[in-house]
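Colleague: Could you take a close look at the side-chain contacts in this predicted model for me? I would like to begin with one charged residue and its partner, and then hear about the other contacts.

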Amino acid sequence: MGVLGPLALPRSYLRYPLVSSVRTRGLHVSAIRSFTHPTLPTRAVAAPSVGDFVPKDAERVLSSPSELARRISAKVLPKLPRADVRKVVMVGSGGLSIGQAGEFDYSGSQAMKALREEGIEAVLINPNIATWQTSHELASEVYFLPISVDYVAYVLEKERPDGILLTFGGQSALNVGIALDRMGVLDRLGVKVLGTPIRTLEVSEDRDLFVQALKEIDIPVATSTAVSTVNDALQAAERIGYPVIMRSAFTLGGLGSGFANNEEELRDLAARGLSLSPQVLVERSMKGWKECEYEVVRDGADNTIICCNMENFDPLGTHTGDSIVVAPSQTLTDDEYHMLRSAALKVIRHLGVVGECNIQYALNPTSREYCVIEVNARLSRSSALASKATGYPLAYTAAKLALGYTLPELPNAVTKTTTACFEPSLDYIVTKIPKWDLAKFSSQVDRHVGSAMKSVGEVMAIGRTFEESLMKAVRMADPRWVGFEVFGKRMSKQELDDVLRNPTDMRLFAIAQAMYVEGYSVEQIHDLTKIDKWFLYKLENIVQTHREISSAGSVESISFELMQRAKRMGFSDQHISLLMNSTEATVRAHRKLLGITPYVKRIDTLAAEFPAHTNYLYTTYNGSEHDVDFDENGTMVLGSGVYRIGSSVEFDWCAVTCARSLREQGIKTIIVNYNPETVSTDFDEADRLYFEELGWERVMDIYEMEGAGGVVVSVGGQLPQNIALRLKNSGVNVLGTDPERIDMAEDRHKFSSLLDSIGVDQPDWTEVTSVNAAKAFAQRVGYPVLIRPSYVLSGAAMNVVYEEETLEYNLSAAADVSPLHPVVVTKFIDGAQEIDVDAVAHKGKLLVHAVSEHVENAGVHSGDATLVLPPFSLPEEDMVRLKSIAAKVAAAFDISGPYNMQIIRQVTPGEPAKLKVIECNLRASRSFPFVSKVLGHNFIKTATAAISGCDVPDPVDLMAQKRSYVAVKAAQFSWTRLGGADPFLGVEMASTGEVASFGRDVHEAYWAALISTTGFKIPHPNSGVLIGGDIRKPEMARIAKILNDCGFRLFCSSREVEEFLNDLPYVSAKRIFFPTKDKRKLREVFDEYDIQCVINLARVRSMSATDEDYVARRNAVDFGYPLLNNERTALLFVESLARKIPQGGLKRYEECRIPSEVRSWSEFVGFRA
């Protein structure tokens, strides 16, 4: 055909190519940026067409195998022009935070798949290095830079794209896009906004414009007023009448919103909301109404469909991200469903959305009255849930629509025989339950849930009944929970009624106590909670079955009928065993003896009306036959489960990379995961996807039914590791490192003995069963010590203790130390440096390793620490010793696969540094994506080869290679969401995500990484900085000196700090009035002195809510100002600031002034990794 052949054909023809034609799409890309295809995931294309009809130029045809249908459609379908773009910038969402999490990795990845199919270069801006989308498999170029107006403008100026996609990066991307349009940057650079127009985005985000737009088409909205001052908010509430809800514009996850019952509450709420957003909306409160949501898809020709409708289990008043959600809706009448459906179509058409969006409603449970709450004119958390719940690839479809396709032209990616212009039908029910980690924070944190989102992740369970779906979801949310059961501390009747009226993160278990223990009726619970009685009657069904099982007496006495009913209700074998005082294995054996086993069903989007071609599966006991044949004998890859603090999107990157690497080796793959926010649960990432639990029972079910060749447990974080040994003991072929060795690394005694045997040092430690024994150990080794209670009473887990009094408190008031609950006490080495070593070995031989240096000293959890790679201060001899330790550990544990170590480096003048191993995990760690991308070597790909024993590479010493760049990984915190929590860094992890950036040196990289964290605002020149904390920290003097030299004004609240700072040469600081109990007055103080940054270097966490250091830290995040709470990172920040100011680092975007850090990943590394 010749090189130019395919390019001469109309693009409409290229949508029906032969396989060879698909690959010629790469000709649209410049030579140095050709696409790499390490794997070829299933493309959403129609089934083979019948006949030889070829559409003419500009003709649009129906996606159908029927030649007649295609010929007719070519004459009638509107001839929309395709977007004339060759290069598109995709704006990502940044670090995972509460309100904006992994769902945007999934949606952005799907969108870039669509772009790649069209031969369009995707240039991605996203500092979240742990995501799958920041891989060259999808993007032609990746910029690990802040999602800010300035940096996105710099990338646009440098890359000169034809178009930009703003609706796949959450609220962050949307806000940036609107600002760029207002600045005129998009027009000046000739960049088209693809998909939903900017004006539509503005209307949907500006509350006042949104209300006006809906009134134009007679769609009811809550009585509301948009205001920009506290006084205006109070006046609006007077007109509307209390109670009111206040919402912030241009924020994500309900940030800054809340309910106010009186003037005092609204004054506080408005002051906080206006510190986070320029505008708030004061609305009539409809607390207690039903909340429903519709996911809507519309193309440029006005074809509009409802992909999915969902209903909140909780009534209005709880943010939908913090509510249990079911799909499809269960309690709406047919009349109500179609009333809201028609309104959704009308609204979306009026607003002019092109792509996907969602609309939320409040519905009066006693009448047909409803109000629109909001419209998100972008992909959202709910979009990811709806996409996984229905099998409809919403993000992929939205990206195609943004390029000018229409719904009839696009194929249904699941059936391959119907078009995308259809509304999915579900023959199952999906339940989403949020995951909160509020117990990890200080007891000051408010555990009530309301209009501002607090959950860090979510799970999705699929079943054929609500009971089955809910019970699965409860277990997915936390492995400690066995189902709808009484859990945790028993509440008094007064406490119980309060939690039922005013929900907390434990309200579902409060309902369980009310039903199981207190004997509350459905009517009573409904009156207190306003939860629809249909849901409560379903919960009562579970309670009744629970009581029947309990009265059976023994496992053997459970009849076929009762066992079948229990399993159809979602009871796990473990749950039944606890009720019978038996074992899970005994229940499993009895159940199988009765012939009761689960059936595997397929998600097909059309309730089995058409044949489906995907292997997107779930298990249920409410069936009579399997939907698949078990003839592939694939390898199972266990995913990470729910995102939570300590386990997040980085493990999804590991799971996806592992599955793709296995497929490259010709091995069939089976992914098991239940997190709707992930790329691993995309239907085309594995040969078979089970949207299922990751507990022993379900993994065994799938392994036995599939006849799997083996199971990979080392790429999904801690959850799969917890069942590794049990799987092996059950006859499962666990691939990679022997689970016996994994158990040895987890057991403190075995681990310590092994390190001693190979001559690897470790800190002194002991396991105690009494407070006196802990005191004796501390006196012997000297304070400080690190304590790890196994049974925690008040949110205090690991802590560094500096004195005996605190030790006694932590082991008596905060935790229970006894022979039943031993506590590990370790000598804590104050001021020592911490180092992360990530490595891969095969049969005990080290293949590859990476050494990352922590900026913070030991005492800050590695997940919260700032990592630098390559290390910037470690001498060569220590690098050699660290490699030697990694090799010794690999050999001792006979590791085949990934592993990670944390090592303490203690420096004594005149002596070699002491290197002590403090932890070793025989699995992938959260830093594997970071080290892989920074060093340009995929550690998980190497680990997969080591696990499978296929094409194992030769060892390579990446750390011996010199590099001209540095990368810094910084933690993303969500303190603003967690009212009352103390923003203090310690040995217990608190961050919800991470970001990373590259630079020529550590200062440039850290600057870009820190301002990449969501919500970080660079202080203006000559503004005020509030300094406090421990004056014994040597860094404080240097920090104050640099800030003073840079022109910043220094303030403090403590006389001690004031005297210390003013005693420094050429430094001036002012002590200011500092109210610790009145937030409004404190805000006035911040405004009076123009304080725009807080540096607080306290030594220990505050015990009181009125402690000045706590108040400074807490209100810095509440007022939206940057907080530096560690001496090492604060010093690095001010040093970076001092270097950036002369370069114009505090200035806004200017034409033709592109900062040196604005370089792509491949430009830094030197090749496309």
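Modeller: Happy to! Let's start with Glu1163, which is partly exposed at 37% relative accessibility. Its side chain meets that of Lys158 in a salt bridge, with N and O 2.8 Å apart. Lys158 is partly exposed too, with a relative accessible area of 29%. What I like about this pair is that it links distant parts of the chain. Glu1163 belongs to helix H41 (residues 1161-1165), while Lys158 belongs to helix H6 (residues 149-159), and 1005 residues separate the two. As this is a predicted model, please read every value here as computed from its atoms.

That bridge has plenty of company, since a search of the whole structure finds 74 salt bridges. Another one joins Lys592 and Glu704, whose side chains come to 3.0 Å, N to O. Here, too, distant parts of the chain are linked: Lys592 is in helix H23 (residues 584-593) and Glu704 in helix H25 (residues 696-706), 112 residues apart. Lys592 counts as partly exposed at 38% relative accessibility, and Glu704 counts as partly exposed at 39%. Both residues also take part in a network of salt bridges, which links Lys472, Arg475, Arg588, Lys592, Glu692, Glu693, Arg698, Asp701 and Glu704.

For a bridge inside one helix, turn to Glu202 and Arg199, where the closest N and O atoms are 3.7 Å apart. The two residues lie 3 apart in helix H9 (residues 198-205), so about one helical turn separates them. Glu202 counts as buried, at 11% relative accessibility.

Now for the rings. The structure holds 28 aromatic pairs. One of them is formed by Tyr361 and Tyr370, in an edge-to-face arrangement with 5.7 Å from centre to centre and 80° between the planes. Tyr361 is buried, its relative accessible area being 0%, and Tyr370 is buried as well, with 12%. Elsewhere, ring pairs join Phe144, Tyr965, Phe998, Trp1161 and Phe1164 into a cluster. If you go back to helix H41 (residues 1161-1165), where we met Glu1163, you will find Trp1161 and Phe1164 of that cluster within its residue range.

Rings also meet charges in this model. The charged end of Arg82 sits over the ring of Tyr405, 3.8 Å from the ring centre. Lys287 does likewise with Phe259: its charged end sits over that ring, 4.8 Å from the centre.

Last, the cysteines. The structure holds 0 disulfides. Take Cys950, which is in no disulfide: the nearest cysteine sulfur belongs to Cys658 and is 12 Å away. Cys950 counts as partly exposed, at 26% relative accessibility. For Cys1046, the closest cysteine sulfur is in Cys1093, and the gap of 12 Å is too far for a bond, because a disulfide needs the two sulfur atoms within 2.5 Å. Cys1046 counts as partly exposed, with 22% relative accessibility.

So if you have the model open, Lys158 and Glu1163 are a good pair to return to, for their salt bridge links distant parts of the chain.

Terms used:
Residues are numbered from 1 along each chain as its sequence is written. This is a predicted model: local features need pLDDT of at least 70, side-chain atom pairs count only at pLDDT 80 or more; totals for chains, interfaces and linings use all residues. Side-chain values use heavy atoms; hydrogens and water are left out. A salt bridge is a side-chain nitrogen of Lys or Arg within 4 Å of a carboxyl oxygen of Asp or Glu. Helices (H or I, at least four residues) and strands (E, at least two) are DSSP runs, numbered from the N terminus. Buried means under 20% relative accessible area, exposed over 50%, partly exposed in between (1.4 Å probe, protein chains only). Rings of Phe, Tyr and Trp (its six-membered ring) pair if their centres lie within 6.5 Å; planes under 30 degrees apart count as stacked, over 60 as edge-to-face and the rest as tilted. A charge sits over a ring if NZ of Lys or CZ of Arg is within 6 Å of the ring centre and within 35 degrees of the ring normal.
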